[in-house]
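This report introduces a structure to a reader who has not met it before. Please look through the sequence and the model before reading on.

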Amino acid sequence: GRDLICIQSMDGMLMLFEQESYAFGRFLPSFLLPGPLAYNSRTDSFITVSSCQQVESYKYQVLAFATDADERQDTEQQKLSSGKRLAVDWVLNIGEQALDICIVSFNQGVSSVFVLGERNFFCLKDNGQIRFMKKLDYSPSCFIPYCSVQEGTINTLIANHSKMLNVYQDVTLKWATQLPCVPVSVKVANFQDLKGVIVTLSDDGHLQCSYLGTDPSLFQAPKVDSREINYEEMNAEMKELQKIIREATKTQDALPESEKQRDVTVTAEVSPDLDEESQAIDSEVKAAAVPSVTVKITIQSRVAAQKPSLAVCVQAPLAVTCDQFVFDDLEPDSSETVVLSVFLKENCSPSELEGTCMISYNIPTELNPEGIPRVAQCNFSLPLKLICFPAQPSKAASHKLTIDTNKPPISFVTIFPDFVDPSEGDQGNALGFEFLTGSKTTLLASKTSQRYRIQSDQLEDLWLVTKELIHRLEVHFKKQNCKDFACTFSGSIPLQEYFELIDRHFELRLNAEKFQELLSERAVQFRAIERRLLTRFKDKTPAPLQHLDTLLEGTFREVIALADAAEENQANMFQAFAKLKSATHLVIMLISLWQKLSTDQVAILEATFLPLAEDTQELGWEETVDAAVSYLLRTCLSKSSKEQALTLSSQLSMPKDTSRLKKNITLFCDRLAKGGRLSLSTDSATQQAAVLPGGCATIPESDLEERTIIPGSTAMFSRKGQITKQKSKP
């Protein structure tokens, strides 16, 4: 007539109460985390599943006479005098954690212990022997054995995380049904007029009473009046339906067939002057003042446009004050205008001074009220004075380029009025640029020849000034109605200086891998020390830490230092990649001026050497460019059918070094110097083998067979494949 209560605590202690009085408490041996607990009245024992993934049974009598959990004796004699050691009655290793334990006895004198594991379902006898087990092909959530329909068998309900409820008779699946949610508990209940109601409770508190079976259908299909088929009416109706389908297909094209008159247009207007008050936000540039320029974006809609959203993108290290805009639905013949500012955020020069505006919207139709998605975009160019300002020209520089033209030189006062200060005397033939990052570039115009010289201490700083010079010269002569203006390059392509930038970027990528490995090692060491400390702290008999706390603190400091170093290396790699992209743009321009390439061939060059907008450890610039250059060397720039038959690796991985890449780039320039032409068509590769001079012999990449000096290169090839420096003549 008394209520006996057993409570399991988080530290592995079983506390037993008689009514409201505390009886005793016992600690379970080798305890880590609490598992499910059940009481078997037939054997008067408690059954649980330990962290060792074992089903363990403890008799109540053994628990009662074991050592009290509240007593703390140190000597073996005191332990023996206070009680017996807690011993397990039986153990069964199930090899997985248990979700629940249930003990049932439907037949008199026979009880079964049901254990629901993470992937298996066990039925045990009182003594721990397995009666049967069922391997589940799903992840269960809860279960309940509810009855014995047939002699010697037990029916069980098992719910899973796929919202299914399965009915088993021992190990045989008898029924399966769909539930609206994943239950965390299931029971079978009998109410006043309802028997066998399945009660489920979900993790969000949704309680449901349901039953197995189907509702009777009271609907009866009406009798169809038999009538003769009128084929003429059916043919007329079919033609009408086909006409409607054709019209709907025409109006529901996802992309418009003609771009002459778009439904929504977006235009961007860049202010000719810098902002009087800079709008730069959180800029890392170390200059005294970081300028910004205003961009005005206008959206005009001819029709009704739903859910319009505008995205503005500029390439890092540039940034915008706001890059996302969401508008209300646009009415026909309406417009929206937004204003934003662009500025230099990172402490390095960008490789491009361009941006993109893209607006996405939906055009509703009669058959599709939600609308058909459409996209409109436009590009805009940013001024050079956003990232640099006028400075004194410098006579000495490490890197120099000379651009030849077919027209007399133009005074810089005419083509660079925004960088020339009339108060500082004659600046018509020499002009200096100082970037916000601190580097300088000088532009010189020859007084006697039709040449322009660009010089700087950094190779990558030549790119934007050279591009701006050529662009402004083309605009100037176009205004003069001069159609035969052309720029050429006959100097040496700075391959060795370009290779130094490649090596620097690749070195930082290798450092990133090393930092990642060291961080992984220190993290494993940190977790191992944590586990040791937790074991010491949970031990009932405290033991000295043996300097584990000091080791933990030292490892923690190493992890923080490595993380800071990895973050700094990541920032350096971002700057190195920006410099590499600028130098790559410069090399592409010089090759195009040297070989007088067409627009399509320049596009192939850009796709080959600038395939990635961002550089990552999984897919880096070196392996991507190496694969692209190798493809061109084996197709349109191949010298024989033997090279075309070579297959390329289908998997890109980070190389061990950059020697193969530099060798391929040098060979690429060699093939162009010998008359090779870039093309992606399949027929041009076969024709190219006959166009290239040098006989039928192939030039292997590993052993070049002939001694050749590349026009526009600073490298000379010997028969043994060694690359030797050759000083270019002034």
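## One face of helix α8

The model described here is predicted, and a convenient place to begin is helix α8, which spans residues 599-609 and in which Q601, V602, I604, L605, T608 and F609 are buried. Viewed down the axis of α8, these buried residues fall within an arc of 155 degrees, so they line one face of the helix. An α-helix has 3.6 residues a turn, so residues three or four places apart point the same way.

The face of α8 that is turned away from the buried side carries T599, D600 and A607, which are exposed. As for the buried residues of α8, what covers them includes α6 (495-538) and α7 (548-595), together with α9 (621-634) and α11 (659-673).

## The nonpolar cores

The largest nonpolar core has 99 residues, and among these L310, V342, F416, Y498, F668 and L678 touch the most other members. Helix α7 gives the most to this core, contributing eleven residues.

Apart from neighbours within four places in sequence, V342 is in contact with P291, S292, V293, V295, V314, L318, A319, V320, L382 and L386. There is also a second, separate core of 22 residues, which includes C123, L136, V167 and I198.

## Serine 210 in strand β18

S210 lies in strand β18, which covers residues 207-210. Is S210 buried or exposed? Its relative accessible area is 19%, and because buried means under 20%, S210 counts as buried. When neighbours within four places in sequence are left aside, S210 is in contact with V197 and I198, and I198 is included in the second core.

How values were computed. Residues numbered from 1 in each chain as written. Predicted model: local features only at pLDDT ≥ 70, side-chain atom pairs only at ≥ 80, totals over all residues. Heavy atoms only, no water. Buried < 20%, exposed > 50% of the residue type's maximum accessible area, 1.4 Å probe, protein only. Helix = DSSP H or I, 4+ residues; strand = E, 2+ residues; numbered from the N terminus. Arc of directions from axis to C-beta. Contact = heavy atoms within 4.5 Å. Core = buried A, V, L, I, M, F, W, Y, C linked by side-chain atoms within 4.5 Å.
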